[in-house]
Amino acid sequence: MSAQEQFVKRLETDSPHLAVQRAAPLAPYTSFGIGGPADLLVVVESVTDLAQAVQFANATRVNWMVLGSGSNVLVADEGIRGLVIINATQGFEIDQNGLLVAASGVMLCELARWAVDEGWGGLQWAVGIPGTLGGATVGNAGAYGGSMAGIVCWARVLRSDGSIAQVPVEALGYGYRTSALKREHARDGRSLVLETAMQLERGDAGALAAEAASYDARREASTPRGRCAGSVFKRTAHYPAGYLIDRAGLKGMTVGGAQVSPVHANFLMNTGGATARDMRCLIERLQRRVWLLYAHHLDPEIEFVGDWHWQTSCTEVGL
Ligand SMILES: Cc1cc2nc3c(=O)[nH]c(=O)nc-3n(C[C@H](O)[C@H](O)[C@H](O)COP(=O)(O)OP(=O)(O)OC[C@H]3O[C@@H](n4cnc5c(N)ncnc54)[C@H](O)[C@@H]3O)c2cc1C
């Protein structure tokens, strides 16, 4: 019996409430709406199930990766070999001192709105970020001067060796859109965030709501509508990536169904039917043009995940 079949059997026996899908298309689980199939896919709604799915996968030697909202990834057209765990874990609690502990599958924007409504300050900047708390903890999501690094106290993580550890913020190694967890190499097995604790402060509910509304308005004015993954490139040392792409005259450029948004040059859109290859070729084209014109490297903020086995560069095939 193959390792994957052993995993399915183990899950069916020990966690029969978890349904495993085979050859499951991943596009519906990503904000780009792009991505081939996962060999196996399971959606988990509790922290216990999340930890158990990983432990079963490790025990049967099945490769696994976790996705939250899929709002910061480009999944290969060939999909992902092994198991994809969709993290829909729920639940949070806050103590009287403002320590908020939440499951990693909670949506960051929903947590932020709840905090604002309840008069807890610290998460207002996050009201428009469409990812899970786990994705935000790993990627140090941020906006309008705020970021996870500024509020996280600790994360409870499942290590690749199966141990569970409470990692204090000092050991999370936060930097701009990165962390020690993100820097762990997939080949060596990444840690999985189960829960994150954040320190909030009491504030005036009206003032917090007004601040959140101002961020909503700024997003509304600058964010293109449609299928995308937010900012595709990180800000360079000197300039926002969108500024460089715009200045290079590349707004509106297309490769197949992938397009540089005419509204915001750092947003690449799936205008309908874009493949992962279209999107990646567009990304490479932008990198090349900006490098040739301004000698600035555009470093992707999004992550390329899955089976990107094709090695031929888009330049070589003339895309
Ligand atoms: C319209 C739009 C606007 C956006 N605006 C912003 C913004 O203002 N600021 C910003 O920072 N980002 C922004 N983003 C990007 C994205 O929403 C964030 O990066 C978000 O934090 C990603 O969370 P996710 O759950 O979607 O992660 P995913 O895309 O599902 O995963 C991203 C990576 O994190 C890993 N991961 C996910 N969950 C866990 C976990 N529990 N444990 C370990 N690893 C995990 C995945 O394996 C993957 O490697 C925007 C995206 C969109 C579509």
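**Figure 1. The buried side of helix 3 in a predicted model.** Let's start with helix 3, residues 108-117, whose buried residues are Leu 108, Leu 111, Ala 112, Ala 115 and Val 116. Look down the axis of helix 3 and these buried residues fall within an arc of 135°, so they line one face of the helix. Here is the general idea behind that: an α-helix has 3.6 residues a turn, so residues three or four places apart point the same way. What do the buried residues of helix 3 pack against? Their partners are three strands and two helices: strand 6 (92-94), strand 7 (99-103), strand 8 (120-121), helix 4 (133-139) and helix 6 (205-222). Just after helix 3 comes Gly 119, with a positive phi of about 80°. Keep in mind that everything in these views comes from a predicted model.

**Figure 2. The shell around the ligand.** Now for the ligand, which has 31 residues around it. Which of them come nearest? They turn out to be glycines: Gly 68, Gly 131, Gly 134, Gly 135 and Gly 230. The elements that each give two or more residues to this shell are strand 3 (64-67), helix 4, strand 9 (142-143) and strand 13 (192-199). Helix 4 gives the most, with 5 residues. Helix 4 also turned up in the first view, as one of the elements that the buried residues of helix 3 pack against. As for chemistry, the shell divides into 14 nonpolar residues, 16 polar ones and 1 charged one.

**Figure 3. Stepping back to the whole chain.** Before more close-ups, here's the big picture. The chain has 8 helices and 18 strands. Its radius of gyration is 20 Å, close to the 20 Å that the globule rule gives for 319 residues, so the chain is as compact as a globular protein of that length. If you boxed up the C-alpha atoms along the principal axes, you'd need roughly 60 × 55 × 30 Å. Buried residues make up 42% of the 319 residues. Counting contacts with a separation of 6 or more, 65% are between residues 24 or more positions apart. The chain is split into domain 1 (3-87), domain 2 (92-222) and domain 3 (224-319). How far apart are the centres of domain 2 and domain 3? Going by C-alpha atoms, 27 Å separate them.

**Figure 4. Arg 177 and Thr 178, in the loop between strand 12 and helix 5.** Zoom in on the loop that runs between strand 12 (164-168) and helix 5 (180-183), where you'll find Thr 178. Arg 177 sits in that loop too. Is Thr 178 buried, exposed or partly exposed? It has 16 other C-beta atoms within 10 Å, so it is partly exposed. Arg 177 also counts as partly exposed, because it has 18 C-beta neighbours inside 10 Å. Leaving aside neighbours within four places in sequence, Thr 178 is in contact with Asn 140 and Arg 183. Thr 178 and Tyr 29 are 149 residues apart in sequence, and their C-alpha atoms are 22 Å apart in space. The backbone of Arg 177 is worth a look: its phi is positive, about 55°, although Arg 177 is not a glycine. In general, most residues other than glycine have a negative phi.

**Figure 5. Ala 295, another positive phi.** Ala 295 isn't a glycine either, yet it has a positive phi of about 55°. You'll find Ala 295 in the loop between helix 8 (276-294) and strand 18 (303-305). Why does Ala 295 count as exposed? Because it has just 7 C-beta neighbours inside 10 Å, and 12 or fewer is the cut-off for exposed.

**Figure 6. Ser 222 and Gly 242, with their partners along the chain.** Ser 222 is found in helix 6, and with 11 other C-beta atoms within 10 Å it is exposed. Ser 222 and Val 263 are 41 residues apart along the chain, while their C-alpha atoms are separated by 7.2 Å. Gly 242 is part of helix 7, residues 241-247. Gly 242 counts as buried, because it has 20 C-beta neighbours inside 10 Å. Which residues does Gly 242 contact, leaving aside neighbours within four places in sequence? They are His 264, Ala 265 and Asn 266. From Gly 242 to Asn 266 is 24 residues in sequence, but 4.3 Å in space from C-alpha to C-alpha.

Technical notes: Residues numbered from 1 in each chain as written. Predicted model: local features only at pLDDT ≥ 70, side-chain atom pairs only at ≥ 80, totals over all residues. Helix = DSSP H or I, 4+ residues; strand = E, 2+ residues; numbered from the N terminus. Arc of directions from axis to C-beta. Contact = placed C-beta atoms within 7 Å. Near = placed C-beta within 6 Å. Nonpolar A, V, L, I, M, F, W, Y, C, P; charged D, E, K, R; others polar. Domains from an automatic or database assignment. Rg over C-alpha atoms; globule rule 2.2 N^0.38 Å.
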